Amino acid sequence: MNENNHVILIGYMGAGKSTVGLELARKLNREYIDLDTEIVLSEKKQIPAIFEELGEPYFRAAEAQVLKAVKGEKVISTGGGVLYFQDTGRWMKKNGTVIYLNAPFEELYERITGDGNRPLVMNNTAASLEQVFNQRDIVYREAADLIVSVSKRSVEDTLDEIIVKLTT
Ligand SMILES: Nc1ncnc2c1ncn2[C@@H]1O[C@H](COP(=O)(O)OP(=O)(O)O)[C@@H](O)[C@H]1O
Ligand SMILES: O=C(O)C1=C[C@@H](OP(=O)(O)O)[C@@H](O)[C@H](O)C1
Ligand SMILES: [Mg+2]
């Protein structure tokens, strides 16, 4: 039996997981968790400082730990690297409905380029970010129960599709 019944948003940086998740929680009248926000609060450091001072492996472990501690029927916005450990996707499937917010790399890159709050964007070229996107896209698809396009589309429109898919 499932322990929890969350709605879990996954996808690459810039897909709108944080933006869509907050609104989705409001519409579904559920509590909302953004894993990045939880980590910032518990570490009392911003994401770039966590990467710089504690390292990416530390951040990945914290991310998986925070995710697995969420109980109930919440809406969870993950970070783009949340599937870093192989067992995380399995945990998600057992604990909720996993929705992959998907768009072409070029569109997502437009949204995130120059953002100083995303260490991967600051420290990598567009070509290597695209490579990461291509690797992760496979993993996101494997983990997803539903795939929703966020390409050239408003947040409202995306929300409507998610709500229809969750309730049919
Ligand atoms: N449907 C959309 N169309 C255009 N821009 C969007 C859309 N959804 C989110 N954005 C913008 O893209 C950026 C990244 O959104 P965010 O919610 O932080 O993504 P994520 O949490 O997946 O990294 C923000 O500037 C946000 O306003
Ligand atoms: O893709 C990633 O590895 C990351 C994505 C970020 O979250 P968003 O996907 O919400 O930008 C944040 O967790 C961190 O900067 C690392
Ligand atoms: Mg986010």
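Of the 15 residues around ligand 1, the ones that come nearest are G16, K17, S18, T19 and R111; a residue counts as near a molecule if its C-beta atom, placed from the backbone, lies within 6 Å of it. This is a predicted model, where local features need pLDDT of at least 70 and side-chain atom pairs count only at pLDDT 80 or more, while totals for chains, interfaces and linings use all residues. Residues are numbered from 1 along each chain as its sequence is written, with chains lettered from A and ligands numbered from 1 in the order in which they are written.

Back to the shell around ligand 1. Helix 1 (17–28) and helix 9 (155–167) each bring at least two residues to the shell, and helix 1 has the largest share, with three residues. Helices here are DSSP runs of H or I with at least four residues, strands are E runs of at least two, and both are numbered from the N terminus.

Here is how two sets of residues split by class. Ala, Val, Leu, Ile, Met, Phe, Trp, Tyr, Cys and Pro count as nonpolar, Asp, Glu, Lys and Arg as charged, and the others, Gly among them, as polar.

| Set | Nonpolar | Polar | Charged |
|---|---|---|---|
| Shell around ligand 1 | four residues | eight residues | three residues |
| Contact of helix 3 with helix 4 | five residues | no residues | one residue |

Now for that helix pair. The axes of helix 3 (residues 47–54) and helix 4 (residues 56–68) come within 6 Å and cross at roughly 125 degrees. Axes are lines fitted to C-alpha atoms over the stretch in contact, with angles running from 0 to 180 degrees between N-to-C directions. That crossing makes helix 3 oblique to helix 4, oblique being whatever is left after under 35 degrees (roughly parallel), over 145 (roughly antiparallel) and 65 to 115 (roughly perpendicular). Helix 3 makes the contact with I50, F51 and L54, and helix 4 with E56, Y58 and F59; contact means C-beta atoms, placed from the backbone, within 7 Å.

Zooming out, the protein has nine helices and five strands, in the order β-α-β-α-α-α-β-α-β-α-α-α-β-α along the sequence. Its C-alpha trace spans about 40 × 35 × 25 Å along the principal axes.

One loop residue is worth a look: K74, between helix 4 and strand 3 (75–77). Leaving aside neighbours within four places in sequence, K74 is in contact with H6, R30, E31, Y32 and I33. K74 and G96 sit 22 residues apart in sequence and 9.1 Å apart in space, C-alpha to C-alpha.

Definitions and conventions:
Two residues are in contact if their C-beta atoms, placed from the backbone, lie within 7 Å.
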